[in-house]
Amino acid sequence: MYYEPIIGLEIHAELKTKTKMFCDCLNDSNEKQPNKNICPICLGHPGTLPVINKKAVEFVIKVGLALESEIPEFSKFDRKNYFYPDLPKGYQISQYDEPLCRGGKLKLFLSDDPQESSKEIKITRVHLEEDAGKLIHPEDKKSTLIDFNRAGIPLMELVTEPVIHTGKEARLFSQGLQLLLKTLGVSEADMEKGQMRCEVNISLKPKNQKELGIKVEVKNLNSFRAVERAIDYEIKRQIGLLDAGEKIIQETRGWDQVKEITYSQRSKEEAQDYRYFPEPDLPPLHLYSKIKGEGLFDLEQMKSQLPELPWQTKQNLIQTYNIPSQGANILVQNNKALLFFKDTVSKLDPEYKKIGTPLADNYLTTDILGIKEKEGLDWKDIKLNPDNFAQLINNLASGKISSRVGKDILLDIIHSNQDVEEIIQTKGLGKIKDSNILISTIEEVIKNNSKAIEDYKKGKENAVQFLVGQAMAKLKGAADPKELEKLIREKITG
Ligand SMILES: [Zn+2]
């Protein structure tokens, strides 16, 4: 039987406001001392009154504008009633039927595949609520501690339509959203720190059937990898059960990132009744008005002040610099590399700009970032700067040095800020044009590799590449491999 996986996401992100959602306590997710940023309001003491943090409302509307959501004229907060030890009030202030943003869409713009990257994921809503405290379970397992520093931190919740079909799509959506939140400056959205948290709903729809299958929820996904792997695992698990004639249980499952499996946490036979009602301690929000001067925000002005959005940045990179989508994806997610790239291109010799620009992108996004990761370097450890990197690219683009030499020099200048021209001169790395040197090298290689010559004569084409490699090694990479190949072919056939 063929089943279509139907996946929806719920993503929470802590907003980067100075203070908490309804009080003046510091909003500091890095605070290590427990219960430092607390007060009677965020501890839910009787008789205290919450006051709305306007900045948090503004941040969510900004997200909505970037996602092209509809922003209603009016909105309000509601009480979501439930008991949990990390929720001192016995209810959470959230939004029920009048969220700050309705609808909207986000493309999977970080995909390298052009068809996938133009796929739009529809968004149901984005609303604002408060975070709960944190339960800490010490190793003795005899007690549980509560840290309320997080209680009352403004939390944005985004819900997508169930239009996602694979783990990869869910990962690309989450990565794209994270980048948007960072670009807008509304959240650090660090998943490892719990500043962004993903939950996924998965059901399987049997082919030729209209209604969806039983929905399973997976929580505690704290990395993009976990989002992708948990969904792929869950799809396989559910197909296995259905094919064996078993039933899917409606439940919440957790993710074991070591074993890479989901496990049952609790069954959800009945929807929990939260008894939502309008929050009586907070006034409804008049967000904006067509009459100037009325309402809390000027949406037109907010829209015009949005920064360049990441998918626009990517498009601009591809169009302006003519670089491939893969390179643009890396640059758009790495602001330091992006600035470094633009700076380098501005310093390229105009004569070699056309060939040099994609070369600079390739050397930066694969080699430099690769070395940086492999050696665990920070940007500040990298001695290379846009000036000598542009010098290196000029030499590669003009054909003065081979790409093998280019990579050696790159390693040198990453660790020491040497002048590229100087390295080429003192080490004699420029491509050797003197045909006497090239020919005598080739003759030596041919003499020492009679087996390769025999192979070639038997029709083994790659024997030539082997000989080119041998000659290249003897010349320490300082030759044009195409020129070597031409000379070798002349020698052994002539
Ligand atoms: Zn407080």
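**Exercise 1. Strand E10**

Work out how strand E10 (residues 154–160) sits in this predicted model: is it buried or exposed?

*Solution.* Start by counting. Seven of the seven residues of E10 are buried, so the strand is largely enclosed by the rest of the structure.

Next, look at the two faces. Side chains in a regular strand alternate between the two faces of the sheet. On one side of E10 you find Pro154, Met156, Leu158 and Thr160, and on the other Leu155, Glu157 and Val159. All of these are buried, and both faces are covered.

Now find the partners. Strand E1 (residues 3–14) runs antiparallel to E10 and is joined to it by five bridges. In that pairing, Glu10 is the residue opposite Val159. Strand E7 (residues 120–130) also pairs with E10 in the antiparallel sense, this time over seven bridges. Here Glu129 stands opposite Leu155.

**Exercise 2. The zinc ion**

Find which residues act as protein donors of the zinc ion, and describe how they are arranged.

*Solution.* First, pick out the donors: the SG atoms of Cys23, Cys25, Cys39 and Cys42, lying 2.3 to 2.4 Å from the ion.

Second, check the angles. Four donors count as tetrahedral if all angles lie between 85 and 135 degrees. The angles here are 100 to 115°, which makes the arrangement tetrahedral. For comparison, the ideal angle for four tetrahedral donors is 109.5 degrees.

Third, read the spacing along the sequence: C-x1-C-x13-C-x2-C. Cys23 and Cys39 are 16 residues apart, both in the loop between E1 and helix H1 (54–66). Are these two buried or exposed? Both are buried.

**Exercise 3. Aromatic pairs**

The structure holds nine aromatic pairs. Take Tyr96 with Tyr276, then Phe109 with Trp311, and say what geometry each pair has.

*Solution.* Begin with the tyrosines. The ring centres of Tyr96 and Tyr276 are 4.0 Å apart with 15° between the planes, and this pair is stacked. The two residues are 180 residues apart: Tyr96 is in the loop between strands E4 (91–94) and E5 (101–102), and Tyr276 is in the loop between strands E14 (261–267) and E15 (277–278). Tyr96 is partly exposed at 44% relative accessibility, and Tyr276 is partly exposed too, at 26%.

Then move to the other pair. The centres of the Phe109 and Trp311 rings are 5.4 Å apart and their planes are at 65°, so this one is edge-to-face. Phe109 lies in the loop between strand E6 (105–107) and helix H2 (114–117), while Trp311 is in helix H6 (residues 310–321), so the contact ties together parts 202 residues apart in sequence. Phe109 is buried, at 4% relative accessibility, whereas Trp311 is partly exposed at 24%.

Finally, look around the stacked tyrosines. Tyr96 and Tyr276 belong to one aromatic cluster with Tyr82 and Tyr274. Tyr274 also has the charged end of Lys80 over its ring, 4.5 Å from the centre.

**Exercise 4. A sheet of three strands**

Which strands stand at the edges of the open sheet E4-E3-E15?

*Solution.* Read the order: E4-E3-E15, with antiparallel pairing. E4 and E15 are the edge strands, each with a single partner, so one side of each has no neighbour in the sheet. For the E3 and E15 pairing, count two bridges. There, Asp78 stands opposite Pro278.

**Exercise 5. Salt bridges**

Out of 33 salt bridges, compare where the partners lie in Glu169–Lys119 and in Glu485–Arg489.

*Solution.* Take Glu169 and Lys119, whose side chains meet at 3.1 Å, N to O. Glu169 is in helix H3 (residues 167–184) and Lys119 in the loop between H2 and E7, so parts 50 residues apart in sequence are tied together. Glu169 is buried at 10% relative accessibility, and Lys119 is partly exposed at 24%.

Now take Glu485 and Arg489, which form a salt bridge at 3.1 Å, N to O. They sit four residues apart in helix H16 (residues 481–493), so about one helical turn separates them. Glu485 is partly exposed at 23%, and Arg489 is partly exposed at 25%.

As a last step, find a network: salt bridges with shared partners join Glu14, Asp131, Arg150 and Arg197.

Conventions: Residues numbered from 1 in each chain as written. Predicted model: local features only at pLDDT ≥ 70, side-chain atom pairs only at ≥ 80, totals over all residues. Heavy atoms only, no water. Buried < 20%, exposed > 50% of the residue type's maximum accessible area, 1.4 Å probe, protein only. Pairing = 2+ DSSP bridges. Phe/Tyr/Trp six-rings, centres within 6.5 Å; stacked < 30°, edge-to-face > 60°. Lys NZ or Arg CZ within 6 Å of the ring centre and 35° of its normal. Donors = N, O, S within 2.8 Å, 3.2 Å for Na, K, Ca; no water. Tetrahedral: all angles 85-135°; square planar, octahedral: opposite > 155°, others 65-115°. Salt bridge = Lys/Arg side-chain N within 4 Å of Asp/Glu carboxyl O.
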